[in-house]
Amino acid sequence: MPIVYHEHTKVFHIHNRYFSYIIDVLRNGQIGQLYFGAPLKDRENFTHMQVNERRDMDPCVYEGDQSFSLEDTKQEYPVTGNGDLRNMAATVVNPDGSRYADFKYVSHVVTPGKPKLEGLPATYVEDDAEAETLTITLVDEVTKAELELSYTLYADRPVLARNARFVNHGERELVLDAAMSANIDLPDARWNMLDFTGAWGRERHLDERPLKTGVQSIYSLRGHSSHQFNPFLILKRPETTETAGECFGVSLVYSGNFLGQVEVDNYHVTRVMMGVHPEGFAWRLGPGATFQTPEAVIVYSADGLNHMSQAYHELYRTRLARGYWRDRPRPVLINSWESTYMRFDEDKVYGIAAKAHELGVDLFVLDDGWFGHRDNDESSLGDWFADPKKLPNGVEGLARRITALGMKFGLWFEPEMISKDSRLYEAHPEWMIRVPDRTPLHGRNQFELDFTKPEVVDYIAEQMEKILGTGLVSYVKWDMNRSMTDVFSQGRPAGFQGEVYHRQILGVYALYERLTSKFPEVLFESCASGGGRFDAGMLYYAPQGWISDDSDAIERLKIQYGTSFGYPISSMGSHVSAVPNHQVFRRTPLKTRADVAYFGTFGYELDVNKIPPEEQEEIRAQIRFFKDHYDLIAHGTFYRLISPFGANPVGLQEGAETAWMVVSPDRSRALVGYYRAHQPVNEGYRSLRLAGLDPEREYEVHDTAYRMPQVDGETFYGDELMHRGFDVSDSGFGPWTTWIYQGDYQSRLFEITAR
Ligand code: DGJ
């Protein structure tokens, strides 16, 4: 796993068997980018890769010499002021107001393992032999500001984790107006950008565009990573597919405002950067102070998108998620939200829990509405004590009854928020984020607490600790239902205000850290009006997150498929809900709802007392099935097979089919989900080609319900299943027609077992 430094040429070659990443110290002491791609044999000199054409308008560094301009140099971390006129990774504002810093190479060190990031989530190692970290120190001689660029190379993964850290060793205050986590300049622009976009209820839909000259970007200015864009982008060659070709991802381990930007300059150089969004950001760096950027995780694949995603899955499942629940089977849960909303009392929710327990559910989660006097979304956030009307015996009374069933009990909180109609607001109006003398903007009738103030975080922590300290709560759903607006920390000076967005998220992380350390066995699930903060930062604290408030199985196909590009299925909160569905009013079969939800952290969100006995029995069987296949699903390798976003076989309506599968690490078992949104009419033949199997082994295919005679019980070698596939044509009639499994919104689940 070498990180090699060639002293003579000042070249760093960061490489393993998956990729090479090559940078050098430029003539002016700054760091240049030479190569990122498939692994190259090491050699002393790669500097010829930095081709600089002389261009007359370029601002040049050395007088009388027109051969060196940063405008025309591929760089590693461009900083404002040096003649590069593209977008910058960092901007330092000096005491005299100049926007200039000249960070020159001073030294570097390669250390085994991976250091922790102060106060921020990040990937980690369990053993120093898993990775090496290169830290390059650069200094601006005039201001004595220091910049450390850090690169962790994992030995057995196609992963490079980067961050930057600023230290002010000078005597005067500097201000950082931008400080991205990573920048890469690539020598050509023949890439397509993939990102994950949407809105509430349709999060992380795949979006693809060829790069064009100029800037293309994804971002959030909402104070959370957002439903609109995810802090994750991919560049792939236009011809790259799920199974072949070059691509790489850049994922930010962060949950606040971000910018992921790809700029193609006029000479076809592609500049990719990712980090905290510079808008609304101005960080004061007093003498001795430091600023640590979040981590950007870069994954390279020469073998298509599935390989790239699998590297993220494995890394985030085992080296980002932490703690007691990381490797343990997660409970099958039932959540009260869609069955009762805020209209419930102790007996009603107990009745749902008791029935669910009888069917095999492990955990009952009481969602919003249990505290203060919260009968609608206009009150009580911040008052974390039980509403005596609904829970006369308190949370404890209900929790005791439920745990006496042999079931676990979980509870919803929205820790970062405050309602004007609350005791907390009466006592501490100054704890609310708002601009003085302006009317504060509400979102869902609520306001944000100022988590930049440690006393606010402490207060909320203490309220939650009182409840978690009873030992009766095994799970917390941590919700967050509004974006940050009119951002201002009351009572703080003007210079502080540019730090509020980032400090707010640091406060959220501090509270997560405190609670997860104090209650290591409590399972945390993150949530933000569904998937408004589903990101790598959250996964560090909460190993699972609610991916969307849209619980319709057909809508979920797109959401789960899109999310799978960067996140493991073991992190995706996915539930079976009632029909007609509460978001899109669609009626899908119970089987389809479960067949989709199995590929996530499985659970239910409906009133099990209100469904017919045969459906209750079906649920019992589903839970048994999920538990029997838990290991395969949670720890298997996930492959996307057919995209719900189109590019389907000729003939069938665009996006009408979706397929994915998980394969056990030893390739002896697999589970394939095949979903068809629309019943075709007298359609052409279609086959489903699998992936990840052993070509040499013989497998038996079992259709778990539909019993298609052309495949069920048949055996095939892995090579045939992967290269020819098996037939899933179904144009309406045939000897195996059963009405139950035909029509729109159908799914089939195939078990593949090596003989
Ligand atoms: C938004 C969440 O995504 C829902 O699941 C639910 O918890 C509601 N908030 C409760 O207000």
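**Exercise 1.** Describe the largest pocket of this predicted model, beginning with its volume, and find where the pocket lies.

*Solution.* Step 1: the largest pocket has a volume of about 920 Å³. Step 2: its lining is made up of 32 residues, and the closest to the centre of the pocket are Thr241, Glu242, Arg640, Leu641 and Ile642. Step 3: the elements that give two or more residues to this lining are strand 12 (205–210), helix 1 (305–319), strand 31 (637–642), strand 34 (687–688) and helix 13 (718–723), and strand 31 gives the most, with 4 residues. Step 4: sorted by kind, the lining residues of the largest pocket divide into 15 nonpolar, 10 polar and 7 charged. Step 5: because domain 1 (89–315) and domain 3 (638–754) both give residues to the lining, the largest pocket lies between them.

**Exercise 2.** Work out which residues and elements line the second largest pocket.

*Solution.* Step 1: the volume of the second largest pocket is about 640 Å³. Step 2: this pocket is lined by 33 residues, of which His307, Gln310, Ala311, Glu314 and Thr637 are the closest to its centre. Step 3: two or more residues of the lining come from each of strand 20 (295–301), helix 1, helix 12 (630–635), strand 31 and strand 32 (657–663). Step 4: helix 1 gives the most to the lining of the second largest pocket, with 6 residues. Step 5: the lining residues of the second largest pocket divide into 16 nonpolar, 10 polar and 7 charged.

**Exercise 3.** Name elements that give two or more residues to the lining of each of the two pockets.

*Solution.* Helix 1 and strand 31 are listed for the largest pocket, and helix 1 and strand 31 are also listed for the second largest pocket.

Note on methods. Residues numbered from 1 in each chain as written. Predicted model: local features only at pLDDT ≥ 70, side-chain atom pairs only at ≥ 80, totals over all residues. Heavy atoms only, no water. 1 Å grid on protein atoms, 1.4 Å probe; cavity = no way out; pocket = protein on both sides within 12 Å on 5 of 7 lines; lining within 4 Å. Points joined across faces, edges and corners; volume = space filled by probe spheres on them. Nonpolar A, V, L, I, M, F, W, Y, C, P; charged D, E, K, R; others polar. Domains from an automatic or database assignment.
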